[in-house]
Amino acid sequence: MTRKKTTLVPILGDQLTIDLASLRDCDPGTTIVLMMEVDEETTYVRHHKRKIAYILSAMRHHVEALREAGWTVEYTQLDDPDNAGSFTGEIARVVERHDPERIVVTEGGEWRVMAMLESWETLFGIPVEIRSDDRFLASHADFETWAAERKSLTMEWFYRQMRTRTGLLMTAGKPEGDRWNFDKENRKPAKNDLMMPRPLVFVPDAITQGVLALVAERFADHPGSLDGFEYAVTAKDAERQAANFFKHALAQFGDYEDAMLTGERHLWHSILSPYINSGLLDPLDLCRRAEAEYRAGRAPLNAVEGYIRQIIGWREYMRGIYWREGPEYVERNFLDHHRELPGWYWTGETDMHCLREAIGQTLETAHAHHIQRLMVTGNFALLIGADPAKVHLWYLEVYVDAYEWVELPNTLGMSQFGDGGLLGSKPYISSGAYIDRMSDYCGTCRYNVKQRIGPDACPFNALYWDFLARHEDKLGRNNRLAMPYRNWAKQSEADREATRAQAAGFLASLDASGPAGY
């Protein structure tokens with residue numbers, strides 16, 4: 001009897017999409033789908049416990065969805081005694097068992113994963129077809145074509161192209177409201193509001209409870225908490241969270257997307273990025289639904305435009321930068337920063353209330369919204385001169401939605417200015433005044449946000465001016481920093497010396513306290 005030819009389709013942990021490119025045109029009757037939990041992926045950095053739990057539980061639930069859709073799935077759990085510990089090792093075991101005719105896989109999201117996929121054909125001696133990940137709107141070639149045509153890779157121009165291509169918020173070839181960007185309208189501070197919307201909470205089922213027990217035992221030394229785990233882990237529940245956002249939060253998302261409040265982890269944010277980045281939700285579908293809310297008069301243009309820009313603008317742009325710049329991007333350090341992050345980035349135990357809030361909720365939930373990341377934890381790391389590669393590793397560790405293709409350019413490029421302006425036109429730095437304006441953090445802080453000098457002075461204030469002074473040779477001609485440099489020059493020599501001495505004293509205290517280390 002002629003042996004049936006089989007196709008092997010490996011599916012990775014961020015490819016939890018039923019109509020994944022690698023499954024299309026494959027015959028369920030002759031296809032073996034392989035999903036793998038492997039030690040290599042859970043430990044290449046010290047991922048937050050909750051991040052590992054989310055991914056493993058979502059994978060285990062996705063297996064059930066694939067089987068219900070008619071696919072034959074082989075699944076290796078992390079604690080299986082024969083687990084090879086790596087993707088390649090698990091592929092080898094399945095190839096030996098089934099002798100597939102070919103391997104079909106959707107491209108990996110990171111350089112190291114793609115290098116692994118590209119090695120399989122030689123290793124196993126069978127054809128390997130690597131398909132483009134069409135869950136993204138811009139292919140690698142699309143972004144390369146766009147980037148090759150311009151001297152400056154400003155995201156705004158890429159975003160406009162994506163708007164035109166998709167037709168989102170476009171009327172007769174023009175942007176809705178005759179403007180592409182309503183970001184200036186989206187910078188309002190928020191007040192505590194008993195009617196603030198709340199995301200849905202998902203009680204762990206038996207599968208998730210098993211994963212939580214596994215993670216608690218196996219990754220006890222990783223950062224973060226598993227207490228109160230409440231993430232959706234199925235496409236159905238992720239969709240419920242999306243519907244809740246569109247109904248209750250989108251309308252005010254724009255106004256308050258940069259706001260921060262003590263004890264409020266979510267405000268009007270969608271909390272959907274983990275589900276988008278792992279494949280449970282379709283990003284373009286979410287954008288179209290947001291546009292429909294605007295067209296129906298249920299959400300204002302500034303909110304909808306801001307939401308869509310985050311997805312088809314920043315998200316797609318970050319992926320394009322990551323793949324265009326290559327594996328060496330992580331080594332860029334334009335400002336020559338080499339300080340370790342303080343140890344309390346892994347504990348949240350600091351007297352600075354803004355950092356205690358942002359880091360505390362990060363360690364508890366593996367989530368913080370973009371301004372907490374950019375203008376609190378990222379701003380502080382940049383001002384103290386932390387090594388951008390180590391800052392990158394911290395962000396990759398602690399956030400549930402952090403995959404290197406999106407996190408690295410956001411952190412090293414946008415937040416830490418490690419690429420010298422390839423991605424952002426200026427460093428994202430501020431004194432305590434910005435945090436005071438956009439939050440209520442400063443009102444209950446041990447430090448005084450109005451003071452620059454003295455034992456009670458907000459550390460951000462002296463650090464901000466000291467940063468400018470340290471880097472005047474590299475940043476002094478940056479047009480977007482012209483005003484602060486003029487203000488620095490107007491200060492008396494005595495004031496400047498006192499400011500820099502204040503900063504030096506604070507930095508010395510940080511160094512004395514020691515880093516957490518890895």
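This is a short talk on the domains, two helices, the cavities, one pocket and a few backbone details of a predicted model.

I'll start with the overall layout. The domain assignment splits the protein chain into domain 1, residues 7-131, domain 2, residues 140-325, and domain 3, residues 343-513. Between the centres of domain 1 and domain 3, taken over C-alpha atoms, there are 39 Å. The contact between these two involves 12 residues of domain 1 and 16 residues of domain 3.

Now to strand β1, residues 7-11, and one residue in it, Pro10. Is Pro10 buried or exposed? Pro10 has 0% relative accessibility, so it counts as buried. Leaving out residues up to four places away in sequence, Pro10 touches Gln15, Leu34, Met36, Ile91, Ile103, Val104, Val105 and Trp120. Val73 is 63 residues from Pro10 along the chain, and their C-alpha atoms are 9.5 Å apart.

Next, helix α2, which runs over residues 49-68. With 20 residues at 1.5 Å a residue, α2 should span 28 Å, and the distance between its end C-alpha atoms is 29 Å, which agrees. Of those 20 residues, 16 are buried, so the helix is mostly covered. Just past the end of α2 comes Gly70, with a positive phi of about 100 degrees.

Helix α16, residues 404-415, gives another result. A straight helix of 12 residues would span 16 Å at 1.5 Å a residue, but the end C-alpha atoms of α16 span only 14 Å. How much of α16 is buried? The count is 11 of 12 residues, so α16 is largely enclosed by the rest of the structure. Among the buried ones are Glu404, Trp405, Glu407 and Pro409. The cover over the buried residues of α16 includes α10, α12, α14 and α15, the last being residues 388-398. Just after α16, Phe417 has a positive phi of about 55 degrees.

That leads to two further backbone points. Most residues other than glycine have a negative phi. Asp178 has a positive value, near 60 degrees. Asp178 sits in the loop between β7, residues 174-175, and α7, residues 206-218. With a relative accessible area of 64%, Asp178 is exposed. Ala366 also has a positive phi, near 65 degrees. Ala366 is in the loop between α13, residues 353-365, and α14, residues 370-384. Here the relative accessible area is 0%, and Ala366 is buried.

Now the internal space. How many cavities of 30 Å³ or more does a search of the whole structure find? The search finds 6. The largest cavity holds about 350 Å³. It is lined by 22 residues, and those closest to its centre are Gly13, Glu41, Ile55, Phe87 and Tyr403. The elements giving two or more residues to this lining are α1, residues 39-43, α2, and α4, residues 111-124. Which element gives the most to the lining of the largest cavity? That is α2, with 5 residues. By class, the lining of the largest cavity comprises 12 nonpolar, 4 polar and 6 charged residues.

The second largest cavity has a volume of about 110 Å³. Its lining includes Arg50, Pro199, Glu230, His266, Thr365 and His367. The residues of that lining divide into 5 nonpolar, 4 polar and 2 charged.

Last, an open site. The second largest pocket has a volume of about 390 Å³. Of its 27 lining residues, Asp133, Asp134, Arg135, Phe136 and Pro283 are the closest to its centre. Two or more residues come from each of α10, residues 273-278, α11, residues 283-295, and α12, residues 301-325. The largest share, 3 residues, is from α12. The lining of this pocket has 10 nonpolar, 7 polar and 10 charged residues. Where does the second largest pocket lie with respect to domain 1 and domain 2? Both domains give residues to its lining, so the pocket lies between them.

To recap the helices: α2 has a span that agrees with the expected value, whereas α16 spans only 14 Å where a straight helix would span 16 Å. That is the end of the talk.

Terms used
Residues are numbered from 1 along each chain as its sequence is written. This is a predicted model: local features need pLDDT of at least 70, side-chain atom pairs count only at pLDDT 80 or more; totals for chains, interfaces and linings use all residues. Side-chain values use heavy atoms; hydrogens and water are left out. Helices (H or I, at least four residues) and strands (E, at least two) are DSSP runs, numbered from the N terminus. The expected span of a helix is 1.5 Å times one less than its number of residues. Buried means under 20% relative accessible area, exposed over 50%, partly exposed in between (1.4 Å probe, protein chains only). On a 1 Å grid over the protein atoms alone, a cavity is a set of points where a 1.4 Å probe fits but cannot get out, and a pocket is an open set with protein on both sides within 12 Å along at least five of seven lines; lining residues have an atom within 4 Å of a point. Grid points are joined across faces, edges and corners, and a volume is the space filled by probe spheres set on the points. Ala, Val, Leu, Ile, Met, Phe, Trp, Tyr, Cys and Pro count as nonpolar, Asp, Glu, Lys and Arg as charged, and the others, Gly among them, as polar. Domain bounds come from an automatic or database domain assignment. Contact means heavy atoms within 4.5 Å.
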